[in-house]
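Trainee: I am new to this structure. Please take one part of the model and go through it closely.

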Amino acid sequence: MSTSLIIIEHSPIAGMGAFALQDIPQGAVVHHMVGEVATFDEMIVRVHAGAEAASDPFQIEDDLFLDLEETSRTFNHSCNPNAYVRGNNELVALRPISKGEEITFDYSTTMKYDAEKILASGHDLWTCTCICGAENCRGIIDEFKTLPQERQDYYVTHRYMPDFMLRHYR
């Protein structure tokens, strides 16, 4: 399975991953994250029904998520990513990406919880043990506000995060 810039293969990070089919210059759009737009409540119904894992929804606004299609779901997290999400769903090369390199982004840059709403739905706040293997690995994937302040400042200053997150953290 591939698109013009990526191929999906086994990843040393987790399961399957997206890898560059060619050298990708910094600033190039690597992929558009696509899927059905759903509200938080709609995603909770899907998770309760077993149609989605709690980790699947991709947040694009405070109360809107993408129920990602399979290719978009294969981009793994890294604490030292080579891509970031711009706008709502453009995955962009943060730096030059070499042919064969796995394309990753920092999931925390797309996560802003409404803790009361999540807990009221009967779910725990989603976090995940990080196994990205980066030198600066934080050991956990959690929402943006839990990142070290220096890392938050880096992402905000360079605008390496979706528009809805920039509105909250600028």
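Mentor: What follows is a close look at one helix, and then a short look at a sheet. Keep in mind that the model is predicted.

The helix is α4, which covers residues 149–158. Start with its buried residues: they are R151, Q152, Y155 and V156. Viewed down the axis of α4, these buried residues fall within an arc of 130 degrees, so they line one face of the helix. The spacing behind such a pattern is general: an α-helix has 3.6 residues a turn, so residues three or four places apart point the same way.

Now turn to the other side of α4, where E150 and T157 are exposed. Here exposed stands for over 50% relative accessible area, and buried for under 20%.

What does the buried face meet? The buried residues of α4 pack against α5, which spans 163–169. Between the two helices in the chain, look at R159: this residue follows α4 and has a positive phi, near 60 degrees.

The sheet can be read in a similar way. Three strands make up an open sheet, in the order β3-β9-β8, with antiparallel pairing. At its edges are β3 (29–32) and β8 (83–86), each of which pairs on one side only. On average, neighbouring strands of this sheet are turned by 30 degrees against each other, direction ignored.

For one pair in detail, take β8 and β9, the latter being residues 90–93: they pair in the antiparallel sense over 4 bridges. Within that pairing, V85 has L91 of β9 as its bridge partner.

Note on methods. Residues are numbered from 1 along each chain as its sequence is written. This is a predicted model: local features need pLDDT of at least 70, side-chain atom pairs count only at pLDDT 80 or more; totals for chains, interfaces and linings use all residues. Side-chain values use heavy atoms; hydrogens and water are left out. Buried means under 20% relative accessible area, exposed over 50%, partly exposed in between (1.4 Å probe, protein chains only). The arc is that of the directions from the helix axis to the C-beta atoms. Contact means heavy atoms within 4.5 Å. Two strands pair if DSSP finds at least two bridges between them. Axes are lines fitted to C-alpha atoms, for helices over the stretch in contact, and angles run from 0 to 180 degrees between N-to-C directions.
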